[in-house]
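Please take a moment to look over the sequence and the model before reading on. The paragraphs that follow go through the structure one topic at a time.

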Amino acid sequence: MTSHKHIIIIGGGFCGLSAAYTLQEEARAKDLPLSCTLLEADARLGGKILTERVNDFIIEGGPDAFVSQKPWGIDLCRHLGLQDHLTGTNPRERASYLLHRGRLHDLPEGMVLLVPTRLGTLIKSPLFTPWGKIRMGLDLLLPRRRATASEESIADFVGRRLGREAVEKLAEPLLAGIHAGDAGRLSLQATFPQFAELEARYRSLILGVLDRKRQRESQSGEASWSLFVTLREGLGELVEVLEKVLREKATIRTGARVRAVRRGLHCAAPPYIVEIEDGATYRADALLLATPAYETAGLLKRILPVAAPHLRTIPYVTTATVSLAYRRADCPHPLNGYGFVVPRKEPCRILASTWTSTKFPHRAPQDHVLLRCFVGGTGREDLALQEEPELVRLAREELKAVLGIAAEPVLARAYRWERANPQYEVGHLTRLEAIDRALEKSPGLFLAGAAYRGVGIPDCIRQGAEAARKAIAFLAGSAGGAAY
Ligand SMILES: Cc1cc2nc3c(=O)[nH]c(=O)nc-3n(C[C@H](O)[C@H](O)[C@H](O)COP(=O)(O)OP(=O)(O)OC[C@H]3O[C@@H](n4cnc5c(N)ncnc54)[C@H](O)[C@@H]3O)c2cc1C
């Protein structure tokens, strides 16, 4: 890179922040003549990450933790000097529950997401009928699927391998639940490709999971984290620290909604012009859009009309979280676990509940408990669209029915997330290929975001960083085109 280059990032959620951080770090390390402007519509950075600290409670409005097995989350924390602020889940109360006929049942020990690996605990579990258990065991004998190239829904895949009961009681609440989606519509290959890989490699999911477990156990190395980790002061701390680091070098504008993206008219000038709502314009040599796909579609409709319809058709659903704190003495349930999930068949209006003060004990004072409920998702978005008092009432009624908590909460907060959860439906990977092909025709344009290849925080960090590296390579003249 010989002359000075300017890159604009649109969207200051986690993907945009990760991209800006990578650009800044690479420019510093390689002494590149590169500047970066990040434009965020909201008054604050972080997008879906929103931590509120109220008295001695730490409340997460959006994500509350991230998986440790994907390294990008922990790596970023280490880079930012936050490794000592990381904390795992409470090792003493690891149970998780499932609501079945109005009552909570432990998920059998040894379940790896949906795959049973301990025959004894599965056989004893009252959650499954005898036939349901036999059907799950048939996975050991069934052949692998022949045509592995095409996408398959989570329900079809799990039904084929483990049977209908595993779909209703495990795949829907546990796998589709993570996406607040419908197991019959979500693509297994796009959401949980590891299960398709297990089948391709081992034929049986149970044998595959057991072998992978053995491999992990035999690998020595540094002490491993619990499956989920978070930051002591809440995930908002990651945003605060990133913002501080980025403001040293990058230009960050909040309250700057981008309303149009155009191509420059003069060949010699930087190729992209970005216009924000107050009329200000910015010029950029490369553009990285880290906005939700429907927003990206609108911004690109003039300069990339072929990609826009594909971006627009990535569906999103609305969800809400409701956090309720009670005096411990007012909670008749021991809350001896991380929480419970709710199969679709149950007449319950929440998707799941996390017992935050058990999972992460430092998030509430000792003499109080903190619980969080998830509302909405595919087919139930109207519930999540209610106003805060209705959402709080709904969550209180369901917690009373399931856990017997009748007392007034000492604290109640509801957070509505409209069109927040992208749905990787069957056909998602084909759609991404079409977007990739369109992007190849528009050098200097890059996309990152939860809508594409992973919704969790580590995947968002990875996608932001990858897009930033591709943008640098493009500006240095060594590569062009698409990136996620
Ligand atoms: C309720 C909920 C709970 C979740 N829980 C977890 C969890 O526990 N663990 C986990 O790993 N993941 C979780 N997720 C998923 C994860 O939080 C998201 O996938 C991730 O934060 C999305 O990051 P992003 O940068 O792609 O998008 P966003 O965070 O949506 O950021 C996009 C940004 O673009 C901005 N923007 C939009 N339009 C414009 C415009 N025209 N101009 C300028 N800026 C614009 C928006 O204001 C926003 O800040 C959860 C998600 C939700 C909704």
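**Around the ligand**

In this predicted model, the shell around the ligand takes at least three residues from each of two domains, namely domain 1 (5-45 + 234-314 + 425-475) and domain 3 (316-422). The shell holds 36 residues, and those that come nearest to the ligand are Gly11, Gly13, Gly47, Pro63 and Ala450. Two or more residues of the shell are given by each of helix H1 (14-30), strand S17 (316-327), strand S21 (411-422) and helix H17 (457-475). Sorted by class, the shell comprises 18 nonpolar, 12 polar and 6 charged residues.

Turning to the protein as a whole, the domain assignment lists domain 2 (108-218) beside domain 1 and domain 3, and the C-alpha centres of domain 1 and domain 3 are 34 Å apart. The protein has 17 helices and 22 strands, and its C-alpha atoms fill a box of roughly 70 × 55 × 45 Å along the principal axes. How does the radius of gyration of the protein agree with that of a compact globule? For 484 residues such a globule would have a radius near 23 Å, and because the protein has 23 Å, the two agree. Of the 484 residues, 49% count as buried, and among the contacts with a separation of 6 or more, 71% join residues that are 24 or more positions apart.

The interior can be followed through its nonpolar cores. The largest nonpolar core has 73 residues, of which Ile7, Ile9, Ala19, Val274, Leu287, Leu288 and Ala471 touch the most other members. Helix H17 supplies the largest share of this core, with 10 residues. A second core, separate from the largest one, has 67 residues and includes Val115, Phe157, Ala180 and Leu403. To return to one member of the largest core, Ile9 touches Gly16, Ala19, Ala20, Cys36, Leu38, Leu288 and Ala290, when residues up to four places away in sequence are left out.

Helix H11 (residues 293-300) is mostly covered, with 6 of its 8 residues buried. The buried residues are Ala293, Glu295, Thr296, Ala297, Leu299 and Leu300, and they pack against strand S13 (258-263), strand S16 (286-289), helix H12 (308-312), strand S21 and strand S22 (445-447).

A few single residues deserve a closer look. Leu170 has its place in helix H6 (residues 164-178), and this residue counts as buried because it has 27 C-beta neighbours inside 10 Å, where 20 or more are required. Between Leu170 and Glu277 there are 46 Å in space, C-alpha to C-alpha, and the two are 107 residues apart in sequence.

Which backbone angle of Arg203 is positive, although the residue is not a glycine? The angle is phi, at about 75°, and Arg203 is found in the loop between helix H8 (193-202) and helix H9 (205-218). Since Arg203 has 17 C-beta neighbours inside 10 Å, it counts as partly exposed. Arg419, a residue other than glycine, likewise has a positive phi, near 45°, but its location is in strand S21. With 15 C-beta neighbours inside 10 Å, Arg419 counts as partly exposed.

Conventions:
Residues are numbered from 1 along each chain as its sequence is written. This is a predicted model: local features need pLDDT of at least 70, side-chain atom pairs count only at pLDDT 80 or more; totals for chains, interfaces and linings use all residues. A residue is near a molecule or strand if its C-beta atom, placed from the backbone, lies within 6 Å of it. Helices (H or I, at least four residues) and strands (E, at least two) are DSSP runs, numbered from the N terminus. Ala, Val, Leu, Ile, Met, Phe, Trp, Tyr, Cys and Pro count as nonpolar, Asp, Glu, Lys and Arg as charged, and the others, Gly among them, as polar. Domain bounds come from an automatic or database domain assignment. A nonpolar core is a set of buried Ala, Val, Leu, Ile, Met, Phe, Trp, Tyr and Cys residues joined through C-beta atoms within 7 Å. A residue is buried if 20 or more other C-beta atoms lie within 10 Å of its own, exposed if 12 or fewer, and partly exposed in between; C-beta atoms are placed from the backbone. Two residues are in contact if their C-beta atoms, placed from the backbone, lie within 7 Å. The radius of gyration is taken over C-alpha atoms; the globule rule is 2.2 Å times the number of residues to the power 0.38.
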